[in-house]
Structures are given as C-alpha cells and as structure tokens.
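Me: Could you take me through this structure by way of a few questions and answers?

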Amino acid sequence: MATRNLSDYDPSRVPDASNMIFGIVVAEWNPDITGALLDGCVSTLEKHGALPENIHVKTVPGSFELIYGAHQMTLNDGYDAVIILGSVIRGETPHFDYICQGVTAGIARLNATSSIPVVYGLLTTNDKQQALDRAGGRLGNKGDECAVVAIKMAKF
C-alpha cells in the first residue's frame, strides 16, 4: 500500500520544463484509470512550463504494448523523456503476473539501452479501487508523479 500521496512533492525542486519535449504512451485498457493518469501527467508537465505542443501522446491497446510504443518514441531524437501510463488489475488468472513482469522488464531494458529516460507509470493493483485511489483518488495521481520524474530525469 502506498504510504504517501503520489501527488505530494516540493515544486521548488522541479526544473523548468519549458524547453523540454515529452512523449507519453498510454494504454487504452482501463480507460477510466489511464485517462485520469494522463490528465494528471499532462497538467503537471504544463504546470512546470512544458508547452502543450511539446507533449506528444500516443495510445496503445494494452499495457504490454507500452514497451513497443515507448521504444518507438526513444528512437525519435526529439524527446527529452518518455512516460508510459497503464493500469493492470489483478484477475483470476496468472495473466496479471506475466503482463506486469513483462512490462517492467521491457521498460527496464529500454532505460538501460536508450539515450533518454523512460518513466514507469504502470499501476499494478489488486482491485479497481486501488487503481482509482492512485489515479486521482485518495492517494493522489501516479501521473503527477511520473511527470515530475520525467522532468527531473530529462534534466539529469
């Protein structure tokens, strides 16, 4: 369980993003969750100076496809950071484990091999309420957190 609000951070410790370009890849699966993550992410990027025309959003069908989408964005020399946003909710089969492990390994590999950071914004929850709590609910919005991480890592 999250021990802090995902939207809590010190704005004074976030660099100016006005000269940065961001790629965001969002999974279409669980759209009420991923849409809220995207809204939080975009608004936080803009809050720190990113221009709307410098925030490029692409969608993929599901969370596993986030790897391919992020990889394609890392091949574009124009991005300062790429953010993936998705939501996998545990079900009755081991599908949850395979998807979560696959996406985690794929994004880790991209971070180790690409020249720009890829920020991991995949919610992996036991139920829908836990996802809602982390997508603008009582525990904040993981999209906000991902935006701050992307700005900081782009400046790294």
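The turns below go from the source of the model to the sheet, the pocket and single residues.

Me: What kind of model is this, and from which number are residues counted?
Reply: This is a predicted model, in which local features need pLDDT of at least 70 and side-chain atom pairs count only at pLDDT 80 or more, while totals for chains, interfaces and linings use all residues. Side-chain values use heavy atoms, with hydrogens and water left out, and residues are numbered along each chain as its sequence is written, from 1.

Me: Which strands stand at the edges of the sheet?
Reply: The open sheet has four strands with parallel pairing, in the order S2-S1-S3-S4, where strands are DSSP runs of E with at least two residues and helices are runs of H or I with at least four, and where two strands pair if DSSP finds at least two bridges between them. Each edge strand has a single partner, so one side of it is left without a neighbour in the sheet; these strands are S2 (55-60) and S4 (118-125).

Me: Which residue in S3 stands opposite Ile-24?
Reply: Strand S1 (residues 22-27) pairs with S3 in the parallel sense over five bridges. The residue in S3 opposite Ile-24 is Ile-83.

Me: What is the volume of the largest pocket?
Reply: A pocket is found on a 1 Å grid over the protein atoms alone, as an open set of points where a 1.4 Å probe fits, with protein on both sides within 12 Å along at least five of seven lines, and its lining residues have an atom within 4 Å of a point. The largest pocket is lined by 16 residues, with Trp-29, Ser-87, Val-88, His-95 and Ile-99 nearest its centre. Strand S3 (81-89) and helix H3 (95-113) are the elements that give two or more residues to this lining. Taken as the space filled by probe spheres set on the points, the volume is about 280 Å³.

Me: Is Asn-141 buried or exposed?
Reply: Asn-141 lies in strand S6 (residues 140-141), and its contacts (heavy atoms within 4.5 Å) include Leu-6, Ala-36 and Arg-134. Buried means under 20% relative accessible area and exposed over 50%, with a 1.4 Å probe and protein chains only. At 7% relative accessibility, Asn-141 is buried.

Me: How far apart in space are Phe-156 and Ile-55, C-alpha to C-alpha?
Reply: Phe-156 lies in the segment after H5 and is exposed, with a relative accessible area of 82%. Phe-156 and Ile-55 are 101 residues apart in sequence, and their C-alpha to C-alpha distance is 19 Å.

Notes
Lists of a residue's contacts leave out its neighbours within four places in sequence.
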